[in-house]
Amino acid sequence: MIEQKQQTGEPQNKSMSGYLAPLVRNIPPSGIRKFFDLANGRKDIISLGVGEPDFSTPWHVREACVYSLERGNTKYTPNSGLPELREAIAEYLYESFQTPYEPSDEVLVTVGGSEAIDLALRALVTPGDEILIPEPCYVSYNPITAISGGVPVGIETFAKDQFKLTADSLKKAITPRSKILILSYPSNPTGGIMTYEDWLPIAKIVEEHDLIVISDEIYAELTYDQKHVSFAAIPGMRDRTILVSGFSKSFAMTGWRMGYACGHRDIISAMTKIHQYTIMCAPSMGQVAALEALKNGMDEKDRMVESYNQRRRLVVQKFREIGLQCHEPQGAFYAFPSIESTGLTSAEFAERCLFEAKVAVVPGHVFGIGGEGFVRCSYAYSVSQLLEAIDRIGKFMKNL
C-alpha cells in the first residue's frame, strides 16, 4: 500500500490544518501542559507543575464504584445525574456554604467542573458578549470563552491586594457589552480567597450592571485560616450565580471527572439541554463514587486539607528563605512566588529552572495579565519532594 501511494505521487503527511475552524486553529496549547510534557518521563525532574492531589481516591470510594460495577450498574443515568447524588450535592452545599438548591431542577451533574463552565458559557453567550475574568486565572477560561463566541476581558489583580478582585478594578472593566463575570476563588494559580466583606461591594456592582456570575468553587474545601464563602450565598446573588464545583480536588478524584453546576432552574435547564445532546450523562460508576465521597468521605477530606495546610506554611517559609517574595496563599494548593528579583521573565525562569535545577514550575504569564513576574508551584507533593525542589531552586538562583 505504501509503495502504491508513492508510485501514484500521493503526497505524504499532508497538512489538514486548513480545514480547521480559524478560531480553534489559533487557540494556543495550554502553557501548563507544555512544561508538564517536558518534565514527564524524566526521573531527574521534580515537577511542581500539575494541580493534582498526591493522595489516592479514598479506598471506600473506589470500593463503592467496584461494587456498583460488579452488580452490573453500567447503564445511563438521567441526564441531570442520579437523583440521590443531586440530593446529596444540594444537602452538602446548604450545610457547608448556606447555598440552597432544589435537587430536581437546580443541580446538574457534569463531566468535571470544566464541562459545567463550558455549558454555562454556551448557554448564556451571544457572540460579542464581553466576559469579565479576574486574572491571573485558570488557563481554560479565556479559550472556552472565545470558543463560545464571547470576548474575554481580563481584570488584573495584584499581590499587594492578596490577588483579590476589587470593586474599583471591576467597575473600570465594565462596558455596555459586559454580560458575565467569571469568579474563581479560592484561586488557581494564586491561592487568593475572598471574604464575605470582600464580596459585598462586588455583589452590588453585579446587581447594578445586571451581570450573570459563573463562580468556579472547585477549591472551596481547601481553605486554611477561614472558611470559604460562596458568592451564591451573598444576599441577592443566588439566582444570578451559577455555582460550579466538583470532586477532583477535595476528594482526590481528578481522573474520575465528576463535577456539578447549581443555579436558577431556567439556566440549569438550558445547560442540561446542551449536556444531553453532547454528553448524555456523566459516567454512572463515577456518580456512584461521588455519592459515596459525599456520604462517607469527610474525614479523609479533612485529613488531606490539614496535610496541605502544613505543606503550605512550609513552602511559603522556604521560598522566602531563598529570597523569593511569596504572598501567603489562603486557599487551593498553590504558591505563587515572585521571581522579579532574578531579572528573568517568568518563561525564562521556568525554562532555566527546568533544565538547570531539574524542577518544573509553571510560568505566571500563562495565567493572564498580572501573572508575569511570578511562577506557580503546586504543593500537592510530599514534604521531601518540596524541600528538595526548593533547595534546588535556591542553588539555581545563586548561580544566576
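Which side chain meets that of Glu328 in a salt bridge? The legends below begin with this pair, as seen in a predicted model.

**View 1. Glu328 and Arg312 form a salt bridge between a loop and a helix.** The side chain of Glu328 meets that of Arg312, with N and O 3.0 Å apart. Glu328 belongs to the loop between helix 12 (298-321) and strand 9 (334-335), while Arg312 is part of helix 12, so the pair ties together parts that are 16 residues apart in sequence. Glu328 is partly exposed, at 33% relative accessibility, whereas Arg312 is buried, at 1%.

**View 2. Arg265 and Glu106 are joined by a salt bridge and take part in a network of such bridges.** The closest N and O atoms of Arg265 and Glu106 are 3.9 Å apart. Because Arg265 lies in helix 10 and Glu106 in the loop between helix 5 and strand 2 (107-111), this pair ties together parts that are 159 residues apart in sequence. Arg265 counts as partly exposed, with a relative accessibility of 38%, and Glu106 counts as buried, with a relative accessibility of 5%. The network that links these two residues also includes Asp105, Arg238 and Asp239; the structure as a whole holds 18 salt bridges.

**View 3. Within helix 6 (residues 112-124), Arg122 and Asp118 pair in a salt bridge.** The two residues stand 4 residues apart, about one turn of the helix, and their closest N and O atoms are separated by 3.0 Å. The relative accessible area of Arg122 is 38%, which makes this residue partly exposed, while Asp118 is buried at 17%, a value under the 20% limit.

**View 4. Five glutamates gather in a patch of negative charge on the surface.** The patch is made up of Glu84, Glu87, Glu91, Glu95 and Glu102. Among them, Glu91 is placed in helix 5 (residues 83-97), where this residue is partly exposed at 48% relative accessibility.

**View 5. Leu23, Val24 and Ile147 make a nonpolar patch on the surface.** The area of this patch is about 260 Å². Val24, one of the contributing residues, is located in helix 2 (residues 22-25) and is partly exposed, its relative accessible area being 47%.

**View 6. The side chains of Ser346 and His365 make a polar contact.** The distance given for this contact is 3.2 Å. Ser346 is located in helix 13 (residues 346-357) and, at 0% relative accessibility, counts as buried.

**View 7. Cis peptide bonds precede Pro136 and Pro186.** The bond from Glu135 to Pro136 has omega near 5°, and Pro136 lies in the loop between strand 3 (130-135) and helix 7 (141-147). For the bond from Tyr185 to Pro186, omega is near -5°, and Pro186 is part of the loop that runs between strand 5 (178-183) and helix 9 (196-208).

**View 8. Asp210 and Met280 have positive phi values.** Asp210, although not a glycine, has a phi of about 55°; this residue is situated in the loop between helix 9 and strand 6 (212-216) and is exposed, at 55% relative accessibility. Met280, likewise a residue other than glycine, has phi near 80° and belongs to the loop between helix 10 (265-278) and helix 11 (284-296). With a relative accessible area of 35%, Met280 counts as partly exposed.

How values were computed
Residues numbered from 1 in each chain as written. Predicted model: local features only at pLDDT ≥ 70, side-chain atom pairs only at ≥ 80, totals over all residues. Heavy atoms only, no water. Patch = residues over 30% accessible without salt bridge, like charges linked within 9 Å, V, L, I, M, F, W, Y side chains within 5 Å. Areas by Shrake-Rupley, 256 points an atom, 1.4 Å probe, with all protein chains shown as cover. Salt bridge = Lys/Arg side-chain N within 4 Å of Asp/Glu carboxyl O. Lys, Arg positive; Asp, Glu negative; His and termini not counted. Charge placed at Lys NZ, Arg CZ, Asp CG, Glu CD. Buried < 20%, exposed > 50% of the residue type's maximum accessible area, 1.4 Å probe, protein only. Polar contact = N/O pair within 3.5 Å; in protein donor to acceptor, adjacent residues only side chain to side chain.
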